[in-house]
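Reader: Could you take me through one part of this model slowly, with the terms explained as you go? I would like to follow the strands and the helices around them on my own screen.

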Amino acid sequence: MTEQLNSDKELDLKGLPCPMPIVKVSKGIKDIEIGQVLKAVTTDPGSLNDFPAWARSSGNEILDTHQNGEEITFYIKRSA
Amino acid sequence: MDKQLQDKLLELFTGKLSRQVQLYLDTCSRCGVCSDTCHVYASMPIPKYTPAYRAEVVRRIFKKYFKAQGKLLPVLGEAKILDETALDELKEAAYSCTGCRRCMVYCPFGIDTQQIMSIAKLLLIGANSEPEILTMLADMSISKGESIEESKERFIEGLKRLETDVIDKWKIKAGKTPIPTDAQNADILYVALAGAHSIVPAAAIFNAAGENWSLSFFEAVNFGAFVGDPAKTKLISDRIVNEAKRLKVKEVSICECGTAFRVMKHLSGPQPFKVSSLTEVHARYLREGRIKLDQSKFDLPVTYHDPCQMARNAGVIDDPRFILQHLTDDFREMAPDPKYNWCCGGGGGLVALGEETLDFRMKSARVKADQVKKTGAKILATACENCHTQLSDLNDHYKMNVEVKFLSSMVADALVH
Amino acid sequence: MDTIYTLILVPMVYLAFFVFFAGIIWRITALIRKPKLPTTLKIYPEKKPAILWALTDTFFLPGVRRNNPVLWFFLMVFHLCLLLLFIGHLELVWDLPMFQMIPHEIFLGNGFLGIILSVSLLFFLFRRFISPTKDLSVPEDYFVLILLFLTVIFGSEMDWARRWYAYEEMGPAEYRAYLQTLLAFKPDIGDVNISGHSFMLVLHVFFGNLFLMVFPFSNLMHSIFAIPLNKLRRG
């Protein structure tokens, strides 16, 4: 179950326009250690595409994504 | 700086020396006419913020390595070696310039500071000293192009959640898709931004006009252009070009994003399709009677901010005004006019750098805030994502007391049957 | 002294003109050999025909007028006088009937144009001691202005200096004789080095020579690049 994924840091990115969620996530992930998990919540529909693409290009891993109404939650493992 | 890096940077510099750029570097009498034509200098009168000074930062290196005068008598033109200090200066110059090209209008020679700054930006990339956020964003865009098949499903899923919003604005016949994607032979391929605000109003207007359109899987914004990387700029715009060719569309319409429009329309060579801005498409619908607008929808005075990359640098000047005539009886033109309009202060990647540049963006755009206030307008319309974000920040900072709106969303809200 | 006079009036003049023309050709060739950027760099709203607007921009400097009317006034006056004096120098060598449509005495201006030029040059120079122009200027900018000022001041006041000595002794006729021998590659400085005000002529020619030699390697090339640059802006 996705709800049970533990995270080491949370970012509330609700209401931010593109590309701010990605900008903040790419900074936020530097605050955790490799192997730790960052939880990010956005309301920007573009992030559904942006986050996986960013993870690919930056060498990080998205463990899980789930949507709840407007809100989209990502669990990202710092791998690089 | 080691010799190897220096050689690499000089090679990058050489690659930038087209006939036009060399003309710009060869000429400048340092008359200083450009100084207060720059919003940064006009707002903060510090010499390093004049366009000519910024250009000299690049020009001094040019003289040192590419000119006889700089090699023989470096003192005459203050030719400078390319070292760490030079890189710091290049960064300060390139990222305090929004590439609005207002100085170019006044310069007796028409020197294009944006072109000169593109050298500075490329050297910074070569030295790994560019703002890493911009490169990260550019890489993300390119990665999206490479993995499009994997993410298509997710994207279409995301669009589904926007459908009711589109239908709320304009009802369509049952069985029709409110936001079509992948439509072969569409008349228009619309390239939006990732946010709903860029998709929903535009979709409603296309549907109202009965357009045979398709939404692109890619976002229009070109972070490669912001960071000044020609290879990445091309990769990012090629994603869209390839999609347009694959679908055999007649026209590609770029959303309200000045840089994306100018790159596609003017800076990436001839395309097998027509390139237009969303604003031009809306004006065309109005002219052809395909959509009708309620002129009493907005009863507050309206002014319009010309995005530099749309107006002065790409020629979309009359169409937004034509649209606004159908939206309000109280349109107030800014002074000075579009050709001489002040930049919002957010271009050139500064807005994408977010809070990092916020303080500078606010201080450097005081003249813009004054210009808006003088109109007495309560609604500030614009047609560029960057400008919209920056103007909203300015609105908070300078208490401009306006509502910043996208022109397309105003059109969508005023649609009538 | 005679040797120095002769060196300045003959070999240095040839050298100066050689450097001037060769330098300009070299600069232009270097430019043309560069690849052309395929994209447009024009500014909107566009106006047609672009070339006419580009010429208007080049010769009437509308951007400068809008931004700084005082500078614009001096720039216009300066460049106009420069053009008239250029014609004046041509008339010194040949009879040019087309310029005599408005009858005037040779030499044109008798020093007045030169005074206007000098005042403009001093204006340009002193502007460069005030920020932000001060922060933009490099030694070359001052050097070129001073060089031009010296050339102009000695050239324009030659006629005035003549009055201190025997006025009939050395005038346009003698200058013409000297210049024509130079042009015919049979240099003969004739009587231009013996009069009391000859030193003015020699200094004028000396600074003029330096000016010609500096021209292709300095920002003075703006005079040649201005039209193509303005064309780029107009598309």
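Author: What follows is a look at a sheet in chain B, and then at a pair of helices. The model is predicted, so local features are given where pLDDT is at least 70 and side-chain atom pairs count only at pLDDT 80 or more, while totals for chains, interfaces and linings use all residues. Residues are numbered from 1 along each chain as its sequence is written, chains are lettered from A and ligands numbered from 1 in the order in which they are written, and side-chain values use heavy atoms, leaving out hydrogens and water.

In chain B, four strands (DSSP runs of E, at least two residues, numbered from the N terminus) make an open sheet with parallel pairing, in the order β2-β1-β3-β4; two strands pair if DSSP finds at least two bridges between them. At the edges are β2 (213-215) and β4 (274-277) of chain B, each pairing on one side only. Strand β3 (residues 251-254) of chain B runs parallel to β4(B) and is joined to β4(B) by four bridges, and B:V252 has B:V275 of β4(B) as its bridge partner. Across β3 and β4 of chain B lies helix α16 (residues 258-267) of chain B, at about 160 degrees to β4(B), where angles run from 0 to 180 degrees between N-to-C directions of axes fitted to C-alpha atoms, for helices over the stretch in contact; helices are DSSP runs of H or I, at least four residues, and contact means heavy atoms within 4.5 Å.

Elsewhere in the chain, helix α2 (residues 19-26) of chain B packs with helix α4 (residues 51-66) of chain B at about 100 degrees, the axes being 10 Å apart. The contact is formed by B:Q22, B:Y24, B:L25 and B:D26 of α2(B) with B:V58, B:R59 and B:F62 of α4(B).
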